[in-house]
Amino acid sequence: MTARLVLINPDYTRLWFGQAVSSVGDAVFSTTLVLWVATVLAEGRSWAPMAVSGVLLATGISVLVIGPLAGVFVDRWDRRRTMLRTEVVRGGLVAVLTALSFLPVDALPVGVWLAIVYATVLTLNAASQFFTPARFSVIGDLVTGEADRARAAGIAQATAQTAWIIGPPLAAPLLFTAGLQWALLLNALSYAVSYVVIRSIGADRRAAGSEKPGGGDTAQPKSLLREFAEGIRFFRRSRFLVALTVLAVIGQFGTGALSTLNIFFATDNLHMPVHLYGYIGTAMGLGGIVGALCAGRVVQWIGASRTTWAGLIVSGLLLFVYSRQTGFVGGVVLLFVFTVPLTMLNTAMAPLLLDAAPAEFRGRVVSVFYPVTRLASMLSAVLSGWLASSALRDVGGSVAGIRFGPVDTVFAMSGALVVLSGVYAWAALPRGEAGAGPAAAPGESVPVAPRGSAQ
C-alpha cells in the first residue's frame, strides 16, 4: 500500500493542498503584475511608483470596504459552496485578464490597461473577503482541539511563507521569457485546482460548511445591516475578542515599520549592497516557516495564551536588538530569529479566535478582525515613513558610544511597542485554556507582522 501524506486529517490535507497551489499562483500573479506595471506599462515614466502603488491600494480598499460586510453573507451561506463560488469568480477573472494579455500592449492606452489591472485586483481581493472567512469556518469544523488548530494555523503560515519564497523567483522568468499571459494562466489554473480539491472534501457537508445554525434556507433572513450590527455587538461584548484585537493592533504598529523602512536600514545601517537585499526576505521567510512548524508543539506545551504574550515580548526585544545592528550578517541572522517567535504568536492566536467565535458568528468575527488589523498595518507603514522622513529626520548622535539615527530610532520604538503589547496580552488573556469559557477566543493566523515584510 502506498503511504499518503496526511496533515491532521484527510479533509484538512485536501484543503491544505488546494491552498498551497493557490498560494503559489497568487504569489506569481502579484509579483508579475507589479513587474509588468513597473517595467512595461510605466517604464521610464515619472509616475511609475504611483502606478505600482495603485495595485496595493486596490487590495487595501477591497479589504477595508468589502471585508466587514462579507462576513454577514458568509454566516448566511453554505461555507463550502461559498468557497467554490469564489474560486469560480477568481479563476474566471484571471482567465479574462489572461485573454486580454494576448493583445499587444499598444492596442490599448496605458490608462485603460491600468484601469483593467486595478479593477481585476480589486475584484479578486473582494472575492477573497468571502473566501477567507468561509475557509476559516470550515477549518474550525474540520479541526478541533487547541493544539491541532494551532498546528493547522502553523501549516497555513508555513505554506504561505513557502509560496512567497517560491513564487516571486518564478514570476520574473515567466514574464520576461514566456510572457505575461503564461504567468497569469498559471494563477487561473491554480484556482481550478483549488476548486477541484474543495469539491473533494468528504466530511459531513453540514459540519464542514453548513447553513447558518438555526436558520438555513427556510428561515426568513434578517436585513444585512441588522446582522452586521449583531456581529459588531457580539464582538464588542466579548472582552477576549477586544483584547485580541487591541494587542494585534499594537503589534501591527510595532512591526509595520519593517515593511516601509527596512530597505533604508539595510543599506544605511547594515551597509548591505542593494543587490543582496533579497536575502532579508529569504531569512524572514525561513524564520516564518520554522516558527509556524514549531508553533503547534509550543502551544501544546505551554498553551495558546502564553505563546501569544511570550512571543510578543520576545519579538519586541529582538526587534530592539535588530535596531542596533551594524553588519549585514548580524542583521540577517537577527531577522531570521525575530520572525520565529513572531510567527509562533500569529499561529497561537488561531485557536484563541476560533474558540471565541461561535459557528454562527465566525464569518462576521473574522471580517471585523482582519480589516482592523490590516488598517493598523497600513497606518503603521505610513506613520513610520512620516516619522523617519519628517519628525525624526534630524535625529542623530550617540549615547554611551551607541550611535543612533532616524530609522533605527523608529525600529527601537517599534520594539518597545511590541513588548508593550506583550505585557498587555499577559494581563488581558486568560491564564487557563483558550476554550475554558464563553469569553474565550480563537483565530486563524493573525498577521501581526505585515506580509510584505516577511516575504
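With which residue does E230 form a salt bridge? In this predicted model, the partner of E230 is R364, and the closest N and O atoms of the pair are 3.9 Å apart. The two residues belong to distant parts of the chain, E230 to helix α7 and R364 to helix α13 (residues 362–391), with their positions 134 residues apart in sequence. Both E230 and R364 are buried. Side chains of opposite charge can pair when their charged atoms come close.

The E230–R364 pair is set within a wider arrangement of charged side chains. A network of salt bridges links D75, R79, R226, E230 and R364. Within this group, the side chains of D75 and R79 meet in a salt bridge with an N to O distance of 3.1 Å. D75 has a relative accessible area of 0% and is buried; R79, at 2% relative accessibility, also counts as buried. A further salt bridge joins the side chains of E227 and R76, at 2.6 Å from N to O. Because E227 lies in helix α7 (residues 224–237) and R76 in helix α2, this pair ties together parts that are 151 residues apart in sequence. E227 counts as buried, since its relative accessibility is 2%, under the 20% limit for that class. Over the whole structure, the search finds 9 salt bridges.

The overall fold was examined next. The protein chain contains 14 helices and 2 strands. Of its 455 residues, 53% are buried. The chain exposes about 19700 Å², and carbon and sulfur atoms supply 67% of this area. When contacts between residues at least 6 apart in sequence are considered, 87% of them join residues at least 24 apart.

The nonpolar interior includes a largest core of 53 residues, in which L244, L258, I280, Y322, F338, F369 and F411 touch the most other members. Two or more residues of this core are given by each of α8 (239–255), α9 (257–268), α10 (278–302), α11 (304–323), α12 (328–356), α13 and α14 (406–428). Helix α12 makes the largest contribution, with 12 residues. Another core, of 23 residues, lies apart from the largest one and includes V94, W113, A188 and Y191. Helix α12 itself is mostly covered, with 22 of its 29 residues buried. From its first C-alpha to its last, α12 reaches 43 Å, close to the 42 Å expected at 1.5 Å a residue.

Helix α2, which holds R76 of the salt bridge to E227, was also considered at the level of other residues. A51 is found in this helix and is buried, with a relative accessible area of 4%. Leaving aside residues up to four places away in sequence, A51 touches V37, A42, L114 and Y118. A51 and Y118 are 67 residues apart along the chain, and their C-alpha atoms are separated by 9.6 Å. T59 also has its place in α2, which spans residues 48–76. A polar atom of the T59 side chain lies 3.2 Å from the backbone oxygen of V55. An α-helix has 3.6 residues a turn, so residues three or four places apart point the same way. With residues up to four places away in sequence again excluded, T59 touches V121, N125 and R374.

Q129 is placed in helix α4 (residues 110–142). At 14% relative accessibility, Q129 counts as buried. Its contacts, not counting residues up to four places away in sequence, are with S62, V63, I66, G67, A70 and S367. Of these, S62, V63, I66, G67 and A70 fall within residues 48–76, the range of helix α2.

A local backbone feature was noted in the loop between α9 and α10, where H271 lies. Most residues other than glycine have a negative phi, and most peptide bonds are trans. The phi of H271, by contrast, is near 55°, a positive value in a residue other than glycine. H271 is exposed, with a relative accessible area of 57%.

Definitions and conventions:
Residues are numbered from 1 along each chain as its sequence is written. This is a predicted model: local features need pLDDT of at least 70, side-chain atom pairs count only at pLDDT 80 or more; totals for chains, interfaces and linings use all residues. Side-chain values use heavy atoms; hydrogens and water are left out. Helices (H or I, at least four residues) and strands (E, at least two) are DSSP runs, numbered from the N terminus. A polar contact is a pair of N or O atoms within 3.5 Å; within protein, one must be able to donate a hydrogen and the other to accept it, and residues adjacent in sequence count only if both atoms are side-chain atoms. Contact means heavy atoms within 4.5 Å. Buried means under 20% relative accessible area, exposed over 50%, partly exposed in between (1.4 Å probe, protein chains only). Accessible areas come from the Shrake-Rupley method with a 1.4 Å probe; for residues, only the protein chains shown count as cover. A salt bridge is a side-chain nitrogen of Lys or Arg within 4 Å of a carboxyl oxygen of Asp or Glu. A nonpolar core is a set of buried Ala, Val, Leu, Ile, Met, Phe, Trp, Tyr and Cys residues joined through side-chain atoms within 4.5 Å. The expected span of a helix is 1.5 Å times one less than its number of residues.
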